[in-house]
Amino acid sequence: MNLYDLFQELEKNADSEKAKQMSKYMRNQFLFLGIQATIRKKTSDFYFKEAKKEKYVDWEFIATCWKKPYREAQYMAIDYLNRMKDYLVLEDIEKIKKLITNKSWWDTVDGLHRVIGHVAFKYPEIDKTMIQWSLDENIWLRRMAINHQMFRKEKMKEELLEEIIVNNFGQDEFFINKAIGWTLRDYSKVNPEWVREFIDRYREKLSKLSISEGSKYI
């Protein structure tokens, strides 16, 4: 089995009309083959199941995906990382950081947040890195820091979440304020009291968007 055969598998399923639609949806920032997520995942499923047996993350394959001109290749790298996340180690955070800051947009950044979240939970020392990212000039690193604990439910580190969000007060950036709201909304499903108290305490500093999104279920 050769992971690199996946590129040919994807390319032979290209759909030019869908590619135009997908590119337009992403503000024409990226080229697409026009392959829907269900087809992409069905195509790669066997390859990734076999790759997982090796218990080894092939970073050369990921780098190749990121160099490809079509966006589906970056999505494929994210699918692969999510499948292989149990085999990621502390040092891989810097490699993932390069993915976040290269060819950046919400689709790839949000696709990677479960990967970062998994590694960060495994290695608590990454909490300091997330605080650093929450202060970075790069908005996508900030967004990742804010969102990396999503879906942890009762395992949420509340003090870490609060510090990261406070570090992003006063932002006019839509993607930052949206991320704050989404994370608060997600956590409100298991701890509405904490989220309600947080919003009340920082109401004057939170954006209207963050409050609206964060208050949806409380």
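A contact here means heavy atoms within 4.5 Å. Show the whole chain first: of its contacts with a separation of 6 or more, 71% join residues 24 or more positions apart. This is a predicted model, in which local features need pLDDT of at least 70 and side-chain atom pairs count only at pLDDT 80 or more, while totals for chains, interfaces and linings use all residues. Residues are numbered from 1 along each chain as its sequence is written, and side-chain values use heavy atoms, with hydrogens and water left out.

Switch to a cartoon view. The chain has 13 helices and 0 strands (DSSP runs numbered from the N terminus: helices are H or I with at least four residues, strands E with at least two).

Next, select Y25 and W106. Their rings form an edge-to-face aromatic pair, 6.4 Å centre to centre with 85° between the planes (Phe, Tyr and Trp rings, the six-membered one for Trp, pair if their centres lie within 6.5 Å; planes under 30 degrees apart are stacked, over 60 edge-to-face, the rest tilted). Y25 belongs to helix α2 (residues 16-25) and W106 to helix α7 (residues 106-122), so the pair ties together parts 81 residues apart in sequence. The count of aromatic pairs is 17.

Now select Y4, F7, F48, F61 and Y80, which ring pairs link into a cluster. Add K68, which lies over the face of F7 at 4.7 Å from the ring centre (NZ of Lys or CZ of Arg within 6 Å of the ring centre and within 35 degrees of the ring normal).

Finish at R71, whose charged end sits over the ring of F30, 3.6 Å from its centre.
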